[in-house]
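Welcome! Below are a few short exercises, each with a worked solution. Keep the viewer open and try each task before reading on.

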Amino acid sequence: MIPDFEAKLNEYAHLLVEVGMNVQPGQTPRINTSLDAAPLARLCVAACYDRGAREVVVDWRDDFVSRQRYLRADEAVFSEFPSYQKAKFDWLLERSAPNLALTGSDPELLKGVDPARIQAAELAAGEPTKPYYDAMTAGKFQWCVGAFPTLAWAEKAFPDKKGEDALDALWDAIFSVCRITGDGKGVERWQEHVAATARRAKVLNDYQFASLRYTNSLGTDLTVRLPDNHVWAGGSELSAGGVEFVANMPTEEIFTAPQWDGVDGRVYAALPLALNGNLVKDFWLELKDGRIVDVHAEEGEEVLRRSIDLDEGSHYLGEAALVPYDSPIRASGILFYNTLFDENASCHFAFGAAYPSCVKGGEDMSEADQKAAGLNQSINHVDFMVGTRDLSIVGTTHDGREIPVFVNGNFAF
Ligand code: ZN
Ligand code: ZN
């Protein structure tokens with residue numbers, strides 16, 4: 001048992017609703033959750049009404065029911081998307097309903113299911129739900145993704161623990177990296193964290209560095225040019241309605257995109273990379289004019305090479321993210337096997353696609369224009385961690401001034 005579990009769970013629910021989704025009076029939030037997260041979801045519902053929600057819509061999933069359907073329902077149902085479901089998404093869109101997704105599903109859930117059924121179901125749901133989800137990712141209304149432990153996930157993250165012990169360990173880890181202590185002040189702590197992140201992003205945006213040079217004792221020596229008009233983002237976002245929200249809980253990173261053909265040197269991974277069920281360990285990438293020209297891994301090199309060979313764009317970097325070495329997720333020392341957490345453990349790069357929002361006006365550009373603006377294009381996006389205790393990052397401005405950005409693994413400002 002975790003001491004003060006109820007108080008911590010309630011504090012976590014308030015964090016997801018008040019800082020994550022930031023529900024406003026009169027709004028109609030939607031919570032998309034598994035039955036396994038019912039105690040958390042119920043507290044979130046109550047917290048939404050505390051904030052003056054008009055109505056809270058909950059979409060319950062049940063893993064057992066989903067699995068039975070995938071295995072045993074009539075083949076034809078997977079290529080249909082019921083019209084009443086489509087009507088629901090249109091109804092949510094009309095109301096600009098903020099969205100809270102509670103994730104943590106079982107990696108074994110779809111084991112043994114005919115992949116054609118899964119693909120058909122995804123295809124059938126794609127078009128009808130696209131207007132709602134497109135509006136969401138474009139920030140037309142607030143949204144947030146938060147996590148809850150499932151047994152399968154907990155036993156993967158804590159391989160030496162079983163059952164309740166593993167679940168408790170994962171709950172404990174989630175609470176601690178989300179700055180939840182049970183004292184009821186989680187929301188305030190998070191507001192301070194978001195403000196500090198926004199202040200740093202502003203400093204970086206004001207400098208508009210021409211390039212960043214990364215060095216550390218592992219052997220990393222990498223120069224990363226940044227696109228003209230690049231944007232550093234992190235912490236919170238603003239919805240079209242002007243409401244601040246935090247899309248990922250937790251989040252520690254401030255990120256932008258490298259100039260796709262402007263990265264040179266060698267970068268060493270600081271942490272293992274979980275890739276398609278395999279671990280890649282102790283690896284480095286060598287880049288020339290942005291392209292990955294050589295790779296070495298002590299373990300899992302083939303898996304890494306295959307991912308880099310997925311398409312031409314996978315040979316280039318699409319994300320540069322800054323995370324202090326002192327971040328709670330790195331300090332926990334846990335490999336979560338979940339990107340929501342693991343990418344917040346350390347400074348990282350991603351090979352593959354850049355986010356369009358990383359240059360000014362990027363969201364309204366065609367893919368060709370995005371590439372011309374410096375943003376890499378790919379169907380791939382793989383984050384790998386490079387931040388160490390001794391990482392140094394020096395920014396060079398367009399007029400040649402050198403400004404420390406990271407000193408000894410942490411922000412210099
Ligand atoms: Zn990232
Ligand atoms: Zn990423």
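## Exercise 1: A residue at the zinc site

E319 has a relative accessibility of 0%, so it counts as buried. Please remember that the model you are looking at is predicted.

**Task.** Find out which protein residues donate to the zinc ion (ligand 1), and work out why their arrangement is called irregular.

**Solution.**
- Step 1: Look for the donors. They are E253 (OE), E319 (OE), E343 (OE) and H348 (NE2), at 1.9 to 2.4 Å from the zinc ion (ligand 1).
- Step 2: Check the angles. The four donor atoms subtend 88 to 141° around this ion. Four donors count as tetrahedral if all angles lie between 85 and 135 degrees. The range of 88 to 141° therefore makes the arrangement irregular.
- Step 3: Follow the donors of the zinc ion (ligand 1) along the chain. Their spacing reads E-x65-E-x23-E-x4-H.
- Step 4: See what joins the two ions. E319 coordinates both the zinc ion (ligand 1) and the zinc ion (ligand 2), which are 3.5 Å apart.
- Step 5: Place two donors in their strands. E319 is in strand 15 (residues 317–322) and H348 in strand 16 (residues 348–352), so this pair, 29 residues apart, links distant parts of the chain.
- Step 6: Return to accessibility. H348 counts as buried because its relative accessibility is 0%.

## Exercise 2: The two sides of a helix

**Task.** Describe helix 8 and decide which of its residues are buried and which are exposed on the other side.

**Solution.**
- Step 1: Trace helix 8. Its 22 residues (186–207) reach 32 Å from first C-alpha to last, close to the expected 32 Å.
- Step 2: List the buried residues of helix 8: G186, V187, W190, H193, V194, T197, A201 and L204.
- Step 3: Ask where they point. They cover an arc of only 120° around the axis, so they lie on the same side of helix 8.
- Step 4: Turn to the other side of helix 8, where E192, K202 and D206 are exposed.
- Step 5: Step past the end. Q208 follows helix 8 and has a positive phi, near 45°.

## Exercise 3: Inside the cores

**Task.** Which residues have the most contacts inside the largest nonpolar core?

**Solution.**
- Step 1: In this core of 63 residues, they are Y12, L16, L40, L102, W171, M249 and F336.
- Step 2: Zoom in on L102. Among the residues it touches are L16, I31, A37, L40 and F148.
- Step 3: Now find the second, separate core. It has 40 residues, including A269, F283, V303 and F411.

Note on methods:
Residues numbered from 1 in each chain as written. Chains lettered and ligands numbered in written order. Predicted model: local features only at pLDDT ≥ 70, side-chain atom pairs only at ≥ 80, totals over all residues. Heavy atoms only, no water. Core = buried A, V, L, I, M, F, W, Y, C linked by side-chain atoms within 4.5 Å. Buried < 20%, exposed > 50% of the residue type's maximum accessible area, 1.4 Å probe, protein only. Contact = heavy atoms within 4.5 Å. Donors = N, O, S within 2.8 Å, 3.2 Å for Na, K, Ca; no water. Tetrahedral: all angles 85-135°; square planar, octahedral: opposite > 155°, others 65-115°. Helix = DSSP H or I, 4+ residues; strand = E, 2+ residues; numbered from the N terminus. Expected span 1.5 Å × (residues − 1). Arc of directions from axis to C-beta. Lists of a residue's contacts leave out its neighbours within four places in sequence.
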